[in-house]
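User: I have a structure to go through at the bench. Please take my questions one at a time and keep the answers short.
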Amino acid sequence: MSIPLEYLAQVLGMAAVSFAFGVVLKLSDLLQEHGYVWFRHAALATGVVSAGLCVGMLALGNDAIHLLWLAVLISWVLRGRIDGPNHGVMGAALLGFVLVHGPSVGEHPWVFVYFLAVLVPLGVSHDLLQYTSMRAPRAVRWFFEQQHLYWYLMAVGYCALFAMDVTLVVCVYGFVKGYGHLYGESARERLRRIGIHYEGEDA
């Protein structure tokens with residue numbers, strides 16, 4: 001059975017754009033509040049680029065992907081993650097696209113409720129374990145330390161409960177891998193190669 005070229009191009013495009021969105025969004029976050037330095041207003045500039053990539057990702061997506069990212073935005077707001085102009089620009093672009101081009105929540109209410117029911121409690125749990133001294137079993141800590149495994153769980157659960165959607169799975173996987181690309185010491189060296197350094201280090 002042959003795969004239609006248009007569908008293949010959509011999936012590959014989604015992989016590339018969602019990965020790039022994750023990378024640039026994390027870079028903007030590092031520049032805004034984690035002590036990294038590049039050029040003047042770099043945090044806002046990368047926020048604008050992340051907004052463009054977000055819109056491109058949504059343009060390649062379907063109704064489920066639009067509702068997923070609306071739920072993501074709501075969860076980020078509730079968790080205090082939209083905390084600077086760079087994130088605000090991205091959030092406004094995401095919300096604007098979904099309001100203009102996306103489905104209404106009433107068209108797929110259970111899909112939207114499902115995404116919120118996964119993202120909000122698991123996202124809050126992730127934050128509590130990462131930023132507070134809350135105790136938890138070792139297995140629970142491991143789960144939340146493994147680069148957002150709950151995002152993968154959410155995508156698999158959607159496919160099991162609603163519809164098999166390769167594009168949505170690729171979107172989630174690409175974004176998580178892109179966002180995680182700038183974690184750790186190896187990421188610091190990659191950033192130094194393009195002139196981004198930690199405040200206090202030699203450029």
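User: Which helices each supply at least two residues of the lining of the largest pocket?

Analyst: This is a predicted model. The lining of the largest pocket draws on several helices along the chain. Those that each supply at least two residues are helix 1, helix 4 (85-101), helix 5 (109-131), helix 7 (149-161), helix 8 (166-180) and helix 9 (185-193).

User: Where does the largest share of that lining come from?

Analyst: The largest pocket is lined by 30 residues. The largest share is five residues. Those five come from helix 1.

User: Which lining residues lie nearest the centre of the largest pocket, and how much space lies in the pocket?

Analyst: Nearest the centre are Lys26, Asp29, Arg81, Tyr179 and Tyr183. By class, the whole lining has 16 nonpolar, seven polar and seven charged residues. The space in this pocket is about 590 Å³.

User: Are helix 1 and helix 2 roughly parallel or roughly antiparallel?

Analyst: Helix 1 spans residues 5-33 and helix 2 spans residues 42-60. They pack at an angle of about 160 degrees, with their axes 8 Å apart. Angles over 145 degrees count as roughly antiparallel. The pair is therefore roughly antiparallel.

User: Is the crossing of helix 1 and helix 2 left-handed or right-handed?

Analyst: The contact of helix 1 with helix 2 has 15 nonpolar, nine polar and no charged residues. As for the hand, helix 1 passes helix 2 in a crossing that is left-handed.

User: How is helix 6 oriented relative to helix 7?

Analyst: Helix 6 covers residues 138-145. Helix 6 and helix 7 pack at about 80 degrees, with their axes 6 Å apart. Angles of 65 to 115 degrees count as roughly perpendicular. So helix 6 is, relative to helix 7, roughly perpendicular.

User: Which residues make the contact of helix 6 with helix 7?

Analyst: The residues of this contact divide into six nonpolar, no polar and no charged. Helix 6 brings Trp142, Phe143 and Phe144. Helix 7 brings Leu149, Tyr150 and Leu153.

User: How are helix 5 and helix 7 oriented?

Analyst: The axes of helix 5 and helix 7 come within 10 Å and cross at roughly 160 degrees. The cut-off for roughly antiparallel is over 145 degrees. So helix 5 is, to helix 7, roughly antiparallel.

User: What classes of residue make up the contact of helix 5 with helix 7?

Analyst: Helix 5 passes helix 7 in a right-handed crossing. From helix 5 come residues including Val111, Phe115 and His126, and from helix 7 residues including Trp151, Met154 and Leu161. By class, this contact has 12 nonpolar, three polar and no charged residues.

Methods. Residues numbered from 1 in each chain as written. Predicted model: local features only at pLDDT ≥ 70, side-chain atom pairs only at ≥ 80, totals over all residues. Heavy atoms only, no water. Axes fitted to C-alpha atoms, helices over the stretch in contact; angles between N-to-C directions. Helix = DSSP H or I, 4+ residues; strand = E, 2+ residues; numbered from the N terminus. Parallel < 35°, antiparallel > 145°, perpendicular 65-115°, else oblique. Left-handed = near helix turned anticlockwise from the far one by under 90°. Nonpolar A, V, L, I, M, F, W, Y, C, P; charged D, E, K, R; others polar. 1 Å grid on protein atoms, 1.4 Å probe; cavity = no way out; pocket = protein on both sides within 12 Å on 5 of 7 lines; lining within 4 Å. Points joined across faces, edges and corners; volume = space filled by probe spheres on them. Contact = heavy atoms within 4.5 Å.
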